[in-house]
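Colleague: I am new to this structure and should be grateful for a close look at a single part. Please concentrate on the disulfides and the strands, loops and side chains that set the scene for them.

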Amino acid sequence: MEMRSKFTQGTFLLLSSLVSLSYSYSTDEDSSQLMSRRLLNQASDMSIQQYLIPHNIIREERRLPPLKWSKKLAKFASWWAHKRQANCALIHSNSDYGENLFWGSGKDWKPGDAVAAWAEEKDYYDHKKNTCTKNKDCLHYTQMIWKDSLKIGCAKVVCRSGDTLIACNYDPHDNVLWNRTIGST
């Protein structure tokens with residue numbers, strides 16, 4: 001008898017919860033939109049951190065201030081990446097922002113992969129002379145550690161070819177090796 005009473009009580013609580021839940025969803029049309037928006041924001045925050053964390057680890061090694069996320073730069077990076085989506089060409093936007101572009105074969109590339117590829121250029125940068133090794137590129141790395149850059153915004157697209165293009169834009173822009181010292185220790 002006591003077992004049946006607990007079962008009946010449990011069934012009643014479960015059913016009343018479901019009725020209450022379904023009633024709240026039927027009376028509040030915006031609740032599913034609110035839930036979707038929350039999930040999208042959480043996914044967006046995780047994506048943002050996938051760009052920010054590896055950048056800021058590299059900047060911390062040089063005792064530079066961390067970059068902060070800029071929705072404006074992210075919107076620009078997304079616009080430019082989508083412009084390149086047809087052919088996935090690594091063509092720079094020539095905007096007033098610093099810019100790093102990454103291409104990877106296939107669609108499974110992550111933001112950290114792009115940042116790691118740019119960071120590998122560290123081996124080709126001579127901080128004391130403020131130059132790249134002859135016939136080597138280090139400008140993606142120097143853009144990441146440019147001491148005056150404080151904001152970043154990035155985007156990823158899968159191109160029509162099925163390959164990945166990642167664009168990151170930095171503000172303020174200026175990592176020109178021959179004009180000023182890059183980064184400080």
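Modeller: What follows begins with the paired strands, passes to the disulfides, and ends with some further residues of note.

The model is a predicted one, in which local features need pLDDT of at least 70 and side-chain atom pairs count only at pLDDT 80 or more, while totals for chains, interfaces and linings use all residues. Residues are numbered from 1 along each chain as its sequence is written, and side-chain values use heavy atoms, with hydrogens and water left out.

Helices and strands here are DSSP runs, numbered from the N terminus (helices are H or I with at least four residues, strands are E with at least two). Two strands are said to pair if DSSP finds at least two bridges between them. Strand β5 covers residues 151-158 and strand β6 residues 164-171; the two are antiparallel and share eight bridges. Within this pairing, Ile-152 has Tyr-170 of β6 as its bridge partner. Five residues separate β5 from β6 in a hairpin, and Gly-162 in the turn has a positive phi of about 95°. Strand β5 also runs parallel to strand β1 (residues 68-69), to which two bridges join it. There, Lys-68 is matched with Lys-151 of β5.

A disulfide is a covalent bond between the sulfur atoms of two cysteines. It is assigned here to a pair of cysteine sulfur atoms within 2.5 Å. The structure holds three disulfides. With bonded cysteines counted along the chain, their pattern is 1-5, 2-3, 4-6.

One of these disulfides lies in the hairpin strands: Cys-154 is bonded to Cys-168, with an S to S distance of 2.1 Å. The pair links distant parts of the chain, since Cys-154 is in strand β5 and Cys-168 in strand β6, 14 residues apart. This disulfide is right-handed, because the torsion about the S-S bond of Cys-154 and Cys-168 is about 110°. Both cysteines are buried, a term that means under 20% relative accessible area (exposed is over 50% and partly exposed in between, with a 1.4 Å probe and protein chains only).

Another disulfide joins Cys-88 to Cys-159, with 2.2 Å from S to S. Because Cys-88 lies in the loop between α3 (71-83) and β2 (98-104) and Cys-159 in the loop between β5 and β6, the pair ties together parts that are 71 residues apart in sequence. The torsion about the S-S bond of Cys-88 and Cys-159 is about 75°, so this disulfide is right-handed. Cys-88 is buried at a relative accessible area of 5%, and Cys-159 is buried at 4%. Cys-88 also has a positive phi of about 60°, although it is not a glycine.

In the disulfide between Cys-132 and Cys-138, the sulfur atoms are 1.9 Å apart. Its S-S torsion is about -80°, so the disulfide is left-handed. Cys-138 is buried, with a relative accessible area of 0%. Asn-130 is found in the loop between β3 (125-126) and β4 (131-132). Its phi is near 55°, a positive value in a residue other than glycine, and at 12% relative accessibility Asn-130 counts as buried.

Beyond the disulfides, a cis peptide bond with omega of about -5° joins Asp-171 and Pro-172. Pro-172 belongs to the segment after β6.

Charged side chains complete the picture. A salt bridge is a side-chain nitrogen of Lys or Arg within 4 Å of a carboxyl oxygen of Asp or Glu. The structure holds one salt bridge. It is formed by Lys-122 and Glu-61, whose closest N and O atoms are 3.5 Å apart. Lys-122 lies in the loop between α4 (111-119) and β3 and Glu-61 in helix α2, so the pair ties together parts that are 61 residues apart in sequence. Lys-122 is partly exposed, at 38% relative accessibility.

Helix α2 (residues 30-61) also contains Arg-59. This arginine is buried yet has no salt bridge, and the nearest side chain of opposite charge, Asp-148, is 7.9 Å away; for such charges, Lys and Arg count as positive and Asp and Glu as negative, with His and the chain ends not counted. A polar atom of the Arg-59 side chain does lie 2.8 Å from the backbone oxygen of Pro-65. Contact means heavy atoms within 4.5 Å. Leaving aside neighbours within four places in sequence, the contacts of Arg-59 include Leu-67, Trp-146 and Ser-149.

How values were computed. Polar contact = N/O pair within 3.5 Å; in protein donor to acceptor, adjacent residues only side chain to side chain.
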